[in-house]
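Hi everyone, thanks for coming. Please have a look at the structure on the screen, and I'll walk you through some parts of it.

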Amino acid sequence: MKLTDIFKVSEKTFSFEFYPPRDEIAAVDFGLNIGQLIKLSPSFVSVTYGAGGSTQSRTFDLVDYLKNRVGLNTVAHYTCVGSTRSRTLEDLKTLRKLGLQNFMLLRGDPEVGSKYGFIPCYDGFANATELITFAREFIDDCCIGGGAYPEVHPESPSAEIDMKNLKKKVDAGCDFLITQFFFDNKRYFDFVARARKAGIKCRIIPGIIPLTKYAQLERFVNLSRASVPPAFLEQLESNRYNPDAVYKAGMDFAIRQCRDLLMLGAPGLHFYTLNKSRATVEIYQTLMVR
Ligand SMILES: Cc1cc2nc3c(=O)[nH]c(=O)nc-3n(C[C@H](O)[C@H](O)[C@H](O)COP(=O)(O)OP(=O)(O)OC[C@H]3O[C@@H](n4cnc5c(N)ncnc54)[C@H](O)[C@@H]3O)c2cc1C
């Protein structure tokens, strides 16, 4: 089912993002975790797409499995990294033949340590807008999502320019947007207000990452430049050698964050699960009973 059809009947969606497991042990672990998550009947799930051949084929295998064997509404991520036009066409057609109708089309990140930023491959795409324009031209009957950055994409010179580029991306054919994770809801709601003012009408689904380990703080906050409310940061810092306390602080924060987002009108929640179920299941169950 296309997400656009789900949006017609669901005011709010609850969705989970996975990445393809790296090896056999990770695959077993993933199976255990997804078993718990499926019980929550997500509106849809999505699978990320990484740089490098084997990761890419694992994305295809996993979306095929989740869609056709498990029966979930599944979104396949796809990026411009290493994708020529002919390869992209072939890949998107392969996914369509597998029955996939939902795609998150992204640019992808520059190579780690690259001095020159993102360099498109020969005959490839310079940004997600170009990829989406191409997909709209050649792939029938599909629903396309794009990434959005409430705290501005790290390569953008300003919030205004980033918003103009986002509008171009949506006009190229985005049916919905999913945000980078954030910890300050005000940033999300301000961003949505600015997007509406810029003429962007599609759903902007907030991306949520529950911080449950101290190490995740540096890893994710550096990655996204997401601002962390000082009181929460202080709780994490002061408990950095106490994993149980960090877990509890992270969960309390995430539950409050999700509850407030829903109460204030967000059109659902998209959980970056990191292939683990515990935090997402706990948040979800707490929200549903309150
Ligand atoms: C929900 C979500 C899912 C993701 N999934 C994956 C994944 O599966 N695999 C992966 O590798 N990465 C993934 N990413 C990360 C993403 O690839 C990076 O954040 C990347 O740096 C930007 O991708 P984008 O599609 O948002 O880029 P774009 O929309 O192309 O934007 C990138 C930069 O280019 C600028 N820009 C955009 N359009 C134009 C234009 N027309 N002219 C000039 N400048 C322009 C933007 O302002 C921005 O600074 C995901 C991100 C999000 C938010």
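**Around the ligand and through the strands**

Let's start with the ligand: in the shell around it, α6 gives the most, with four residues. Before I go on, please keep in mind that this is a predicted model.

How many residues surround the ligand? There are 24, and the closest are Thr-48, His-77, Asn-127, Ala-128 and Gly-147. Several elements supply at least two residues of that shell each: the strands β3 (74–79), β4 (102–106) and β6 (176–181), along with α5 (128–138) and α6 (159–173). If you sort the shell by class, you get 13 polar residues, six charged ones and five nonpolar ones.

Now let's follow the strands, beginning with β1. Strand β1 covers residues 13–18 and runs parallel to β2, with four bridges joining the two. If you want a place to look, find Phe-16, which stands opposite Val-45 in β2. To get from β1 to β2, the chain passes through helix α2, residues 24–38, and this β-α-β crossover is right-handed.

Strand β2 itself spans residues 44–47. Are its residues buried or exposed? All are buried, and they point in two directions: Phe-44 and Ser-46 one way, Val-45 and Val-47 the other way. On to the pairing with β3, which is parallel and has three bridges. Here Ser-46 is the one to find, since it stands opposite Val-75 in β3.

While we are in β3, let me stop at Tyr-78, which is found in that strand. Tyr-78 has 27 other C-beta atoms within 10 Å, and 20 or more are enough to be called buried, so Tyr-78 is buried. Which residues is Tyr-78 in contact with, leaving aside its neighbours within four places in sequence? They are Tyr-49, Asp-91, Leu-92, Phe-103 and Leu-105.

Two of those names come back in the next part, on the core. The largest nonpolar core has 70 residues, and Phe-103 and Leu-105 touch the most other members. Helix α5 gives the most to this core, with five residues. If we skip residues up to four places away in sequence, Phe-103 touches Val-75, Ala-76, Tyr-78, Ala-135, Cys-142 and Ile-144.

Next, please turn to strand β5, residues 143–148. This strand is mostly covered, with five of its six residues buried. With β4, β5 pairs in the parallel sense over three bridges, and Met-104 stands opposite Gly-145 in β5. The route from β4 to β5 goes through α5, and this β-α-β crossover is right-handed.

Strand β5 also pairs with β6, again in the parallel sense, over four bridges. In β6, Gly-145 has Phe-176 as its bridge partner. And there is a β-α-β unit here too: β5, α6 and β6 make one, and it is right-handed.

Let's move to the loops. Most residues other than glycine have a negative phi. Now look at Asp-123, in the loop between β4 and α5. Its phi is near 60°, a positive value in a residue other than glycine. Is Asp-123 buried or exposed? With 11 other C-beta atoms within 10 Å, and 12 or fewer being the cut-off, Asp-123 counts as exposed.

Asp-141 is another one to look at, in the loop between α5 and β5. Its phi is near 50°, also positive in a residue other than glycine. Asp-141 has 7 other C-beta atoms within 10 Å, so Asp-141 is exposed as well.

My last stop is Asp-252, found in helix α10, which covers residues 243–263. Asp-252 has 13 other C-beta atoms within 10 Å, and that is why Asp-252 counts as partly exposed. Now try finding Ile-283: Asp-252 and Ile-283 are 31 residues apart along the chain, and their C-alpha atoms are separated by 8.8 Å. For another pair, go back to Tyr-78 and look for Val-281: these two are 203 residues apart in sequence and 27 Å apart in space, C-alpha to C-alpha.

That's my tour, so thanks for listening!

Conventions
Residues numbered from 1 in each chain as written. Predicted model: local features only at pLDDT ≥ 70, side-chain atom pairs only at ≥ 80, totals over all residues. Near = placed C-beta within 6 Å. Nonpolar A, V, L, I, M, F, W, Y, C, P; charged D, E, K, R; others polar. Pairing = 2+ DSSP bridges. Right-handed = clockwise from strand over helix to strand, strands pointing away. Core = buried A, V, L, I, M, F, W, Y, C linked by C-beta atoms within 7 Å. Contact = placed C-beta atoms within 7 Å.
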